[in-house]
Each structure stands twice: as C-alpha cells, then as structure tokens.
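Hi,

I'm passing along the structure we talked about, together with some notes on what turned up in it. Please open it alongside this message as you read.

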Amino acid sequence: MSLSYVAAELAQNADKVKGYGAVGYGLAAIGPGIGVGIVVGKAIEGMSRQPELMGTIRTNMFLGIAFTEALALIGLVAGFIF
C-alpha cells in the first residue's frame, strides 16, 4: 500500500474517521513523554555526579527536551493533516 492510496482512502471516508485524530495524537504523545522523562532523569543523574558541570548539563537537557517535544508537535500536525 502506498501512502497516497492510504491518504485517498482516508479522504473518502473522512466522515467515518473523525475521532481518530485525537487517538492518533494521544498515541503520538506517548513517545515524547517517555523521551522527556529519560532526558530529565539522566540530566539529574549527571548533575548529581558532577555538580561543577551543572550549567552545561542543564543547557543540553533543555536542548534535548526541545528536540523531543518537536516530535509531539509533528504528531499534532500529522493528526490535523490525516
């Protein structure tokens, strides 16, 4: 099955699958939620092991959170598109 075929089928049956966007976004938010938890947990672990690098670790933690949350936003946009 190609992506265009799936998109065409969804477009034809849009009235039948209206509620699936919310379910899809809910499933898409699970991964980034787990990812943010792992990033923050490892950052706290790193800060406790090397307190002198707290500023660098915190900066890298926020970058990791931003990239992980971008996945959630992509999931939200994909829910509106499909």
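**The nonpolar core**

Val36, Ala43, Met47, Ile57, Met61 and Ile65 make up the largest nonpolar core, which has 6 residues. Helices H2 and H3 (54-81) are the elements that give two or more residues to this core. Please keep in mind that this is a predicted model, and that the values here are computed from it.

If you'd like one residue of the core to click on, try Ile57. Leaving aside neighbours within four places in sequence, Ile57 is in contact with Ala43, Gly46, Met47 and Gln50. Two of these partners, Ala43 and Met47, are themselves listed in the core.

**The chain as a whole**

Stepping back, the protein chain has 3 helices and 0 strands, so from the N terminus on the order of elements is simply α-α-α. Of the 82 residues in the chain, 15% are buried. The chain exposes about 6,100 Å², and 70% of that comes from carbon and sulfur atoms.

**The charged side chains**

Now for the part you may enjoy as a biochemist. How many salt bridges does the structure hold? There are 2, and Glu45 takes part in both, pairing with Lys42 and with Arg49.

In the pair with Lys42, the closest N and O atoms are 3.8 Å apart. Why can these two residues reach each other? Glu45 and Lys42 sit 3 residues apart in helix H2 (residues 20-49), which means that about one helical turn separates them. As background, side chains of opposite charge can pair when their charged atoms come close.

The pair with Arg49 has an N to O distance of 3.4 Å. Here the spacing is 4 residues in helix H2, so Glu45 and Arg49 are again separated by about one helical turn. Through the shared partner, the salt bridges join Lys42, Glu45 and Arg49 into one network.

Are the members of this network buried or exposed? Lys42 is exposed, with a relative accessible area of 53%, and Arg49 is exposed too, at 64%. Glu45 has 34% relative accessibility, so this residue counts as partly exposed.

To look at both parts on screen, you could colour Val36, Ala43, Met47, Ile57, Met61 and Ile65 for the core, then Lys42, Glu45 and Arg49 for the salt-bridge network. Helix H2 is a good place to begin, since H2 gives two or more residues to the core and also holds Glu45 along with Lys42 and Arg49.

Best wishes

Terms used:
Residues numbered from 1 in each chain as written. Predicted model: local features only at pLDDT ≥ 70, side-chain atom pairs only at ≥ 80, totals over all residues. Heavy atoms only, no water. Buried < 20%, exposed > 50% of the residue type's maximum accessible area, 1.4 Å probe, protein only. Areas by Shrake-Rupley, 256 points an atom, 1.4 Å probe, with all protein chains shown as cover. Salt bridge = Lys/Arg side-chain N within 4 Å of Asp/Glu carboxyl O. Core = buried A, V, L, I, M, F, W, Y, C linked by side-chain atoms within 4.5 Å. Contact = heavy atoms within 4.5 Å.
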